[in-house]
Amino acid sequence: MRLSTLLFWAASALLAQPYSPALFDALEWRLIGPFRGGRVCAVSGVPGDPATFYFGAVGGGVWKSTDAGTVWTPVFDAQRIASIGAIAVAPSNPDVVYIGSGEADMRSDIGFGDGVYKSADGGRTWTNMGLRDSRQIARILVDPRDPDRVYVAALGHAYGPNAERGVYRSTDGGRTWRKVLDRGPETGAADLALDPQNPRVIYAAMWNAKRPPYSAYGPIEGPGSGLFKSTDGGDSWNPLSGHGLPEGQWGRAGVAADGRRVYAVVDAARAAGLYRSDDAGATWTRASADSRIVSRAWYFGTIAIDPQNPDTVYVPNVALYKSSDGGRTFTVLKGAPGGDDYHLLWIDPAGPRRMILGSDQGTNISVDGGRTWSSWYNQPTAQFYHVITDNQFPYRVYGSQQDNGTAAVASRTDHGVIDARDWFSVGGGESGYIALDPKDPNIFYVGNTYGSLTRFDKRTGQAQNITPWPLRRGMNTPLPELKYRFPWTAPLVTSPTEPDALYYGSQYLLKTTDGGLTWREISPDLTGKTRMGVIYSIGPSPLQAALIWTGSDTGLIHLTRDGGRTWADITPKGLPEWSKVTHIEASHFDPAEAYAAVDRHRVEDYKPYLYRTRDYGRNWNLVTAGLEEPAYLNAIREDPNRRGLLFAATELGVAVSFDDGDRWQALQLNLPACSVRDLVIHGDDLVAATHGRAFWILDDIASLRQVDAKTAALDAYLYKPAQAVRVNPEPFGGTPFPVEEPKAKNPPDGAIIDYYFKTAPEGEVTIEIVDAKGGVVRRYSSLDREPPRRPAAVADAWVVAAPRVTARAGMNRFFWDLRYAPPGAAGGGEASRQAQGPLALPGSYRVRLTAAGRSYAQPVEVALDPRSTAPAADLQKQFELSMNAVRAMERAARELPAGAARTRVIAALSAVLSVAQSADRTPPAAAYEIYAEALKELETR
């Protein structure tokens with residue numbers, strides 16, 4: 001399978017679309033963070049430029065900073081691939097940047113690429129330059145004198161042999177490629193080094209490695225790995241072996257060169273370590289046998305030389321190690337307790353105190369030789385596996401971030417943005433599921449690698465180990481030797497119908513009803529005869545407590561209808577072995593219905609597979625029309641409110657089906673290219689866990705629930721709004737975070753009003769909010785123009801534009817802030833111009849859309865903030881005083897002549913309005929007194 005099929009949203013998918021995307025194209029995904037970096041294996045700076053740097057996230061695309069890492073900006077989001085393995089900036093022309101897509105760290109969660117990309121304008125635009133079937137690219141080098149002469153280390157397919165492995169060279173800027181080092185379809189290139197003194201001298205580290213289809217920590221390595229050298233720009237190569245290098249089979253190696261000094265960090269069965277040559281690779285000595293620098297060498301395997309001192313060498317690993325004596329001894333330059341895992345260090349040849357470092361936690365920059373580093377808490381490249389939400393208001397979004405731990409992020413806040421104050425950890429865990437105790441919002445069950453499990457109490461911060469069998473073995477222990485076989489990401493779910501039941505998947509389905517103090521096996525081995533398989537998905541029915549579906553990574557689906565006493569193998573006919581059942585969704589409408597997402601990319605099949613049953617698994621239908629490879633499926637979710645509305649999490653984004661899976665279409669919208677591992681529907685929101693771009697929320701999918709054949713046939717349509725929640729927070733939360741600090745947006749306050757035009761209407765379009773008595777609360781028009789902003793001591797970056805009524809063809813979205821019109825006091829001074837209108841009372845309203853001479857109406861409900869305990873009588877007093885103040889302000893503007901008296905009266909009434917609206921409570925007596933005095937002055941004049 002060639003990755004030229006990457007454009008799975010192209011013609012074949014479009015033909016399968018049942019409805020025009022224009023019906024919902026104003027929907028917008030909203031990033032909520034956290035801004036905690038994810039794994040990075042590709043970094044580069046610009047030689048001689050102290051401010052410009054690039055990094056490529058393994059699942060989050062390419063990012064650029066022009067201020068030495070204070071702010072990072074994505075520059076690759078227009079592409080349809082997100083995994084980056086290599087970056088190189090042409091030293092002779094810094095506008096030329098090459099990207100090798102597809103990470104090469106050979107993790108179990110490895111992301112794939114589709115070749116080499118090039119930018120000729122510093123990252124603003126990109127062009128795919130070929131090598132599309134390489135999938136994983138480990139390194140790119142550019143001749144320091146010629147930006148068109150490029151070398152690529154193609155590691156190749158992670159799960160099987162392929163022809164596009166080896167070292168490639170282009171002499172025309174990537175338009176054509178020639179394979180210059182070929183060790184066969186099993187062995188790819190893991191590293192390259194150019195001699196900066198003579199760029200025709202090249203070193204290449206070749207590596208025979210692949211991942212197995214079953215759950216395993218490291219890759220499988222084979223013969224053929226080694227070190228090679230070319231002295232003619234890649235035309236010919238000679239193996240470097242013996243002469244001091246280790247004998248026998250090698251694993252991964254990394255190489256760096258500077259004239260006659262060459263270093264190689266070598267993983268070998270015998271005598272692994274750092275090797276040094278002082279005669280350009282002719283002979284070698286083992287400079288260091290320090291086990292730290294070859295720890296998990298398959299995951300690291302790079303080395304960097306100080307360009308001005310060849311005795312100074314750096315080896316990234318669990319820590320960043322530095323040697324100042326030619327590799328004999330090492331100290332830790334950077335590293336934290338527990339390990340950060342560093343992958344690549346780039347050093348500026350024009351000024352070696354400038355460095356950029358890629359790690360599991362993101363990217364750091366140093367401008368002082370490694371003494372201090374920039375933050376990695378400004379990069380929203382977190383890799384999440386699964387997502388859940390709680391039942392608070394505002395709700396929180398929970399997940400485990402690969403390499404970094406758990407995160408609970410607010411979906412919205414009371415201070416206008418979501419920033420570093422608005423997320424926290426719920427204990428350890430980097431790869432597992434999180435489950436909430438339905439009866440206690442402070443208790444979390446947190447899975448971790450290979451079956452580790454804790455019960456975390458947020459009140460005390462204690463995390464009890466409730467692993468079903470806590471006697472741990474090493475990560476490389478063969479699976480058949482384990483009592484319980486768990487994958488890297490073991491399924492953990494609470495029962496939607498039994499508050500005390502928690503299910504956990506090994507080769508057996510495990511159940512606890514006492515918070516993990518005791519576990520029961522409620523199934524036989526459900527993974528087949530391989531003794532290597534695991535349960536990968538658990539789907540308890542939301543309709544019947546005894547009905548549970550399971551799927552394994554060996555391609556088996558089982559069902560119990562009696563709580564685990566008996567099980568039936570209901571695997572779809574013809575589903576091959578090692579078809580990973582990534583997710584099973586039990587229907588919310590019929591206990592006989594379920595959906596199973598299946599992923600076969602571990603056996604080199606990147607097609608999406610989604611099976612649907614309507615008879616308890618006796619028959620399954622493959623329902624994937626509109627989904628195309630290589631966007632294999634990670635999860636499937638059914639909307640609990642509209643039957644037949646499905647959402648699919650794919651390796652390249654999100655898709656939607658309005659007809660129970662029969663036809664699919666993209667729901668990517670503004671979501672950047674990324675692997676979406678899980679989705680959850682929370683009320684009217686769709687929440688996505690991406691594996692490289694953190695958490696995103698598609699706010700208010702009420703319009704999607706109304707898309708059908710009738711809606712699609714209309715010339716115009718006003719969607720029924722979802723319930724709006726009235727919030728009224730304190731507007732000042734202290735000194736705000738600087739503009740440069742990363743922040744996420746809140747959802748809009750108030751009611752979201754969606755409407756659709758098949759063609760853009762002529763003339764004015766109006767939106768009116770009407771109360772239960774027929775009175776107009778607020779009127780908006782497409783002809784409205786925001787008045788000029790008066791000069792103020794506020795930078796433009798802090799100013800938020802008011803929403804406008806749009807009238808474009810397709811879907812339009814408008815926000816009513818749940819307020820009446822502000823005081824319209826002409827010449828009323830600064831106080832009246834800044835005043836907001838009164839908040840609408842909770843209750844029933846109508847939205848009226850008028851366009852092209854026709855009107856459309858829908859009801860909208862306004863609910864009180866669930867956190868508010870204000871009685872209706874207090875809210876009524878607040879509303880009445882506020883409305884009285886507004887009317888008096890408008891009367892003052894009409895009746896009083898311009899001057900001090902009018903300014904004084906309006907200022908007093910504006911203060912009354914501000915006080916009355918400040919909280920859901922009976923207004924203070926002083927507000928009534930000020931109102932009475934202002935009204936008296938108004939009436940006596």
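**Close-up views of a predicted model**

**Figure 1. The two faces of strand S20 in the predicted model.** Arg261, Tyr263, Val265 and Asp267 point one way from S20, while Val262, Ala264, Val266 and Ala268 point the other way, and all of these residues are buried. Strand S20 covers residues 261-268, and because eight of its eight residues are buried, the strand is largely enclosed by the rest of the structure. The charged side chains of Arg261 and Asp267 thus share one face with Tyr263 and Val265.

**Figure 2. The hairpin of strands S19 and S20.** Strand S19, which runs over residues 250-258, pairs with S20 in the antiparallel sense, and seven bridges join the two. Within this pairing Ala253 stands opposite Val266 of S20, a residue that lies on the face of S20 shared with Val262, Ala264 and Ala268. Two residues separate the strands of the hairpin, and in the turn Gly259 has a positive phi of about 65 degrees. Nine of the nine residues of S19 are buried, so this strand, too, is largely enclosed by the rest of the structure.

**Figure 3. The hairpin of strands S20 and S21.** On leaving S20 the chain passes through four residues before S21, and in this turn Ala271 has a positive phi of about 65 degrees. Strand S21 takes in residues 273-277 and pairs with S20 over five bridges in the antiparallel sense. The bridge partner of Val262 in S21 is Ser277, and Val262 itself is one of the buried residues of S20.

**Figure 4. The surroundings of Arg107.** Arg107 is placed in the loop between strand S7, residues 97-101, and strand S8, residues 116-119. With a relative accessibility of 4%, Arg107 counts as buried, because the limit for that class is under 20%. When neighbours within four places in sequence are left aside, the residues in contact with Arg107 are Arg39, Arg211, Trp298, Tyr299, Gln402, Asp403 and Trp488.

**Figure 5. Strands S23, S24 and S25, joined by two hairpins.** Strand S23, residues 304-306, and strand S24, residues 309-316, pair in the antiparallel sense over three bridges. Asp306 stands opposite Asn309 of S24, and the hairpin that these strands form has two residues between them. Strand S24 is also joined by four bridges to strand S25, residues 320-323, and these two strands again run antiparallel. In that pairing Pro316 stands opposite Leu320 of S25, while three residues lie between the strands of the hairpin.

**Figure 6. An open sheet of four strands, S30-S31-S32-S34.** The strands follow one another in the order S30-S31-S32-S34, and their pairing is antiparallel. At the edges are strand S30, residues 388-389, and strand S34, residues 423-424, each of which pairs on one side only. Between strand S31, residues 396-401, and strand S32, residues 405-410, there are six bridges, and the two strands run antiparallel. Here Gln401 stands opposite Gly405 of S32.

**Figure 7. A second view of an open sheet, with the order S43-S44-S45-S46.** Four strands make up this sheet, and they pair in the antiparallel sense. Its edge strands are S43, residues 535-540, and S46, residues 568-569, and each of them pairs on one side only. Strand S43 is joined to strand S44, residues 548-552, by five bridges in an antiparallel arrangement, in which Ile535 stands opposite Ser552 of S44.

**Figure 8. The whole protein as the setting for the close-up views.** The predicted protein has six helices and 66 strands. Its radius of gyration is 31 Å, close to the 30 Å that the globule rule gives for 941 residues, so the protein is as compact as a globular protein of that length. The C-alpha trace spans about 105 × 70 × 55 Å along the principal axes, and buried residues account for 62% of the 941 residues. Of the contacts between residues at least 6 apart in sequence, 56% join residues at least 24 apart. The accessible surface is about 35400 Å², with 50% of it belonging to carbon and sulfur atoms. The protein carries 100 positive and 104 negative charges, and the mean positions of these two sets are 0 Å apart.

Key. Residues are numbered from 1 along each chain as its sequence is written. This is a predicted model: local features need pLDDT of at least 70, side-chain atom pairs count only at pLDDT 80 or more; totals for chains, interfaces and linings use all residues. Side-chain values use heavy atoms; hydrogens and water are left out. Two strands pair if DSSP finds at least two bridges between them. The radius of gyration is taken over C-alpha atoms; the globule rule is 2.2 Å times the number of residues to the power 0.38. Buried means under 20% relative accessible area, exposed over 50%, partly exposed in between (1.4 Å probe, protein chains only). Contact means heavy atoms within 4.5 Å. Accessible areas come from the Shrake-Rupley method with a 1.4 Å probe; for residues, only the protein chains shown count as cover. Lys and Arg count as positive and Asp and Glu as negative; His and the chain ends are not counted. The place of a charge is taken as NZ of Lys, CZ of Arg, CG of Asp or CD of Glu.
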